[in-house]
Amino acid sequence: MKLPTNLPRFLFAGTIGLLATCGIDSLHAQNGPIVSIDFAKDLVMGSDEKAGVVEASHWNVETSQSGSASDLEDSNGKKTAIKVKWEGGRENYSNGEIEDQPGNARMMKEYLDCETDHPTKVNLAGMGSTFSGQPYDVLVYFDEQNGPASRVSEFQIDDQIICGKDAGRNSFQGDFEESSNAPTSEEAQPGNYVRFYKLTKDSIELEVRAGLSQDPYPRGFVCGIQLVPSEK
């Protein structure tokens with residue numbers, strides 16, 4: 001950005017200061033809100049803890065196996081029209097291989113777990129007014145205490161299926177890796193989140209299913225979800 005050279009010195013300095021302090025959250029706030037949901041067991045993230053690929057605070061923490069919540073807060077602590085309802089699954093788990101630390105580790109440490117015959121279903125609504133009719137992305141975070149066995153979770157919204165592999169002995173250590181857009185368990189690549197791009201519906205259902213596993217205990221798991229404005 002080229003600034004005029006004839007600006008008063010105080011105005012020039014103020015402009016530079018504003019640009020220097022413009023962070024990730026404020027840049028995204030110009031395009032729309034960020035709404036984040038953490039599925040936990042016992043650990044509740046503080047409102048000031050920041051986590052996620054799109055780093056944000058004010059995570060909406062849900063600690064039950066099934067339930068609903070409305071008026072979810074965005075990353076600025078403002079209530080939105082978004083509501084969530086989730087059900088199914090097996091139970092809430094805590095990953096003993098991840099040390100409890102504020103932020104990303106705490107968000108990824110606990111998760112909703114499901115077995116083959118009992119998928120987890122997460123219904124989200126209110127995105128139309130929240131994102132003013134503009135496209136949004138859905139990021140789904142996954143990790144599990146699965147020992148040496150690699151396990152695949154299958155994530156589906158409408159007709160799109162993305163499968164992500166949690167590699168054996170590879171619990172979250174601070175880095176996010178997107179699983180490529182693999183539509184089947186056989187094609188799934190290692191990672192700890194998947195991303196559904198440029199959705200436009202006011203309401204959606206995310207289904208989480210157990211995919212292929214290297215041991216006799218297939219599981220599907222979800223640690224958290226973020227709704228963020230699609231990049232233009």
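Of the protein's 232 residues, 47% count as buried. The model is predicted. Its secondary structure consists of four helices and 15 strands. Two residues in strands, D113 and N60, are described below after the overall figures.

**Whole protein**
- About 11400 Å² of the protein is exposed, and carbon and sulfur atoms supply 47% of that area.
- Taking contacts between residues at least 6 apart in sequence, 66% join residues that are at least 24 apart.

**D113**
- Strand β6, which covers residues 110–114, contains D113.
- D113 has a relative accessibility of 2%, and it counts as buried because this value is under 20%.
- A polar contact of 3.5 Å links the side chain of D113 to the side chain of R219.
- R219 is also listed among the residues that D113 touches when those up to four places away in sequence are left out.
- The other residues on that list are G89, R90, E91, Y93, T120, E144 and G220.

**N60**
- N60 lies in strand β2, which spans residues 60–62.
- The relative accessible area of N60 is 11%, so with the cut-off for buried at under 20%, N60 is buried.
- Leaving out residues up to four places away in sequence, N60 touches V35, S36, I37 and D38.
- N60 also touches L72 and E73 under that exclusion.

Terms used:
Residues are numbered from 1 along each chain as its sequence is written. This is a predicted model: local features need pLDDT of at least 70, side-chain atom pairs count only at pLDDT 80 or more; totals for chains, interfaces and linings use all residues. Side-chain values use heavy atoms; hydrogens and water are left out. Buried means under 20% relative accessible area, exposed over 50%, partly exposed in between (1.4 Å probe, protein chains only). A polar contact is a pair of N or O atoms within 3.5 Å; within protein, one must be able to donate a hydrogen and the other to accept it, and residues adjacent in sequence count only if both atoms are side-chain atoms. Contact means heavy atoms within 4.5 Å. Accessible areas come from the Shrake-Rupley method with a 1.4 Å probe; for residues, only the protein chains shown count as cover.
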